[in-house]
Amino acid sequence: MCGIVAYIGHREAYPVVLKGLKRLEYRGYDSTGVALLNGGSLKVYKKKGKVAELEDFVLGKDLKSHISIGHTRWATHGEPNDRNAHPQLSGDGKLAMVHNGIIENYAQLKQELLNKGHQFTSDTDTEVLIHFIQEIKSSNQCSTEEAVRIALKRVVGAYVILIVDEDDPDTLIAARKGSPLVIGVGKGEHFLASDASPIVEYTKEVVYVNDYEIAIVKADELILKNISNEIQTPYIQKLDMELAAIEKGGYAHFMLKEIFEQPQTIFDSLRGRLDAKGGKLTLGGLREHMDLLKEANRIIIVACGTSWHAGLVAEYMIEELCRIPVEVEYASEFRYRNPVVGKGDVIIAVSQSGETADTLVAMESAKEKGAIILGVCNVVGSSIARLSNGGVYTHAGPEIGVASTKAFTAQLAVLSLIGLKIAQEKGTITAQRFQHLLDELESVSEKVATALQLNAQIKKIAEKYKDARDFLYLGRGYNFPIALEGALKLKEISYIHAEGYPAAEMKHGPIALVDEQLPVVFVATKDSYYEKIVSNIQEIKARKGKVLAVTTEGDQVIPAMADDVIVVPEADELVAPIISVIPLQLLAYHIGVLKGYDVDKPRNLAKSVTVE
Ligand code: F6R
């Protein structure tokens, strides 16, 4: 969703901001714009469409500047068009602002401003906020910084804002609440962005701005204040990211690169934690919460989308290994249905971006009710990570493709470690089973590498099925969430309607869809549900459905029944989902590419969903 980027320093600002906007394209957007300040002259260029269209639009225009703000907008208030694109200007045209998030009380503020004679040129909440700031500035005769502070005390919602002021051409003002803001600290220059990807090639020194903080940024000075005007010491951290991680590195798409990175990213998620030879498991981020986890009445996993699917796998695993009841909740539903939650409950929030608004709000409400919150996040320093009482990072590296792939398998790996650690501490697992599962996790990266060798075969299967109108994905037990994930991947990337179901539930309705046109993908690896799923395959074949089965090496039964078979290495059923999802990711990828779609940036989707 929306991305912000800004530069102030000795370089020409426009090329830095433009490149930053390109780095943020993966977040999903539908219009883009920049503001440039050169001495006392403010220029704003904005356009509906992609960054490349903005680039064409500004050809031949005056782009000289050492201070600039830029934006990629994912429309919320008002359709995507030039007018609604950011930056938005104050009524006097002196302040320009870009904004991520939503100002929830914008209608009330707008009415107050209309009563004072303000006129608006866009439908955005952003324009309302910058008019409001300017109104405060002129009625109180105060600085922009002071006006921002006063204004934000009235604002309800989540935001990160960046402002340039024609009357103060050496200063950038930024503020955040609920949306991410990273400041890169260079020599005589600063870089600001929604995430570190536009910053990493210039500096590895970064400051993550906290909620309710305002940054006053000059080329060689960074002042942080809280909303009560008290100076805060910026905490400068070393960025743990390489430029290569956010470039395609020879792959046709980020999604393909990220699928193929999985042997390494799974290994990274286990590194330093899993010691199979020594029979040990170390999770530093859980240490001080282990007593609570062992005694927990309940574990509630909150997440959205793909991360929710990882939570479902964890539900099966934690209940089996730890004998603790687990509930897996859509974060958006959990928050608004007034759930019964309190002391003795442990919430695990699972999120790749760490910025998903629904998950954040669900965590906040559970925290208020006394629950302890643990995070399983990929992005270090993200809002979800910071709101958590403890947790475990997934260390999958930056995920640029909008469809989550490597973050999912890293989540599965980390959630397995968490389940195993609790079971060991609680004494609900035998030493033998514990060691067996450590060994299984140790070898999973290699098995994923083997599964990736199926790429060419899966591409051929994709050619065969690419024109299907609908798909059904079925699985049981640990593979049921993988069926859901396979269907979600296909929908996102190829725009083909796909549904995931527990294979047995199919008889209770969806079987009515089955005919010779319908491909049914079975995730049917060798596990304790195997015999049952064989029967389910027969039920589909009896109705002339086309069966595409993901099976395990050595299986002779399913290949004799299915129309197409993808054979993956054998693994314990707790670990098998990390392997069985690989062919489904590849299938979705190839079908999307064969249909000619932009698989890295599917229509309507955003990488980081920062609105509720
Ligand atoms: C699917 C996908 C989304 C995300 C969901 C949650 O490929 O990427 O369904 O999983 O928006 O995002 P995070 O994990 O960042 O909280």
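This is a conversation about the sheets, spaces and salt bridges of one predicted model.

Reader: I'm new to this one, so what order do the strands take in the open sheet that holds β20?

Author: In this predicted model, that open sheet has 5 strands in the order β19-β18-β20-β21-β22, and the pairing is parallel.

Reader: And which strands stand at the edges there?

Author: The edges are taken by β19 (326-330) and β22 (390-393), and because each has a single partner strand, one side of each is left without a neighbour in the sheet. On average, and with direction ignored, neighbouring strands of this sheet are turned by 20° against each other.

Reader: How many bridges hold β20 and β21 together?

Author: Strand β20 (residues 345-351) pairs with strand β21 (residues 372-377) in the parallel sense over 6 bridges, and within that pairing V350 stands opposite V376 in β21.

Reader: Which strands does helix α11 lie across?

Author: Helix α11 (residues 357-368) lies across β18 (298-303), β20 and β21, and it runs at about 165° to β20. Helix α13 (residues 406-426) also packs on the sheet, where it touches β18, β20, β21 and β22, and its direction makes about 160° with that of β20.

Reader: Moving along the chain, what is the strand order in the sheet with β25?

Author: That one is an open sheet of 5 strands with parallel pairing, and its order is β24-β23-β25-β26-β27. Here β24 (497-502) and β27 (564-568) stand at the edges with a single partner strand each, so one side of each is left without a neighbour in the sheet. Neighbouring strands are turned by 20° against each other on average, direction ignored.

Reader: What is the bridge partner of V523 in β26?

Author: The partner of V523 is V550, and the two strands concerned, β25 (residues 519-523) and β26 (residues 546-552), run parallel and are joined by 5 bridges.

Reader: At what angle does α17 run to β24?

Author: Helix α17 (residues 480-494) runs at about 175° to β24, and it lies across β23 (470-475), β24 and β25. Helix α18 (residues 530-541) lies across β23, β25 and β26, running at about 175° to β25.

Reader: Different topic: how much space lies in the largest pocket?

Author: The largest pocket holds about 980 Å³ of space, and among the 44 residues that line it, D240, M241, N378, G397 and P398 are the closest to its centre. The elements that give two or more residues to this lining are β11 (205-208), β15 (236-238) and α7 (262-270), with α7 giving the most, at 3 residues.

Reader: What classes of residue make up that lining?

Author: The lining of the largest pocket has 16 nonpolar, 13 polar and 15 charged residues.

Reader: And how many cavities of 30 Å³ or more does the structure hold?

Author: The structure holds 3 of them, and the largest cavity has a volume of about 100 Å³. That largest cavity is lined by 14 residues, of which C2, W74, T76, H99 and G101 lie nearest its centre, while the elements giving two or more residues to the lining are β6 (95-103) and α4 (125-140). By class, its lining residues divide into 4 nonpolar, 8 polar and 2 charged.

Reader: One last thing, what is the count of salt bridges?

Author: The count comes to 37 salt bridges, and one of them is the pair R11 and E189, whose side chains meet at 2.7 Å, N to O. This pair links distant parts of the chain, 178 residues apart, with R11 in the loop between β1 (3-8) and α1 (13-23) and E189 in the loop between β9 (182-185) and β10 (190-193).

Technical notes. Residues are numbered from 1 along each chain as its sequence is written. This is a predicted model: local features need pLDDT of at least 70, side-chain atom pairs count only at pLDDT 80 or more; totals for chains, interfaces and linings use all residues. Side-chain values use heavy atoms; hydrogens and water are left out. On a 1 Å grid over the protein atoms alone, a cavity is a set of points where a 1.4 Å probe fits but cannot get out, and a pocket is an open set with protein on both sides within 12 Å along at least five of seven lines; lining residues have an atom within 4 Å of a point. Grid points are joined across faces, edges and corners, and a volume is the space filled by probe spheres set on the points. Helices (H or I, at least four residues) and strands (E, at least two) are DSSP runs, numbered from the N terminus. Ala, Val, Leu, Ile, Met, Phe, Trp, Tyr, Cys and Pro count as nonpolar, Asp, Glu, Lys and Arg as charged, and the others, Gly among them, as polar. Two strands pair if DSSP finds at least two bridges between them. Axes are lines fitted to C-alpha atoms, for helices over the stretch in contact, and angles run from 0 to 180 degrees between N-to-C directions. Contact means heavy atoms within 4.5 Å. A salt bridge is a side-chain nitrogen of Lys or Arg within 4 Å of a carboxyl oxygen of Asp or Glu.
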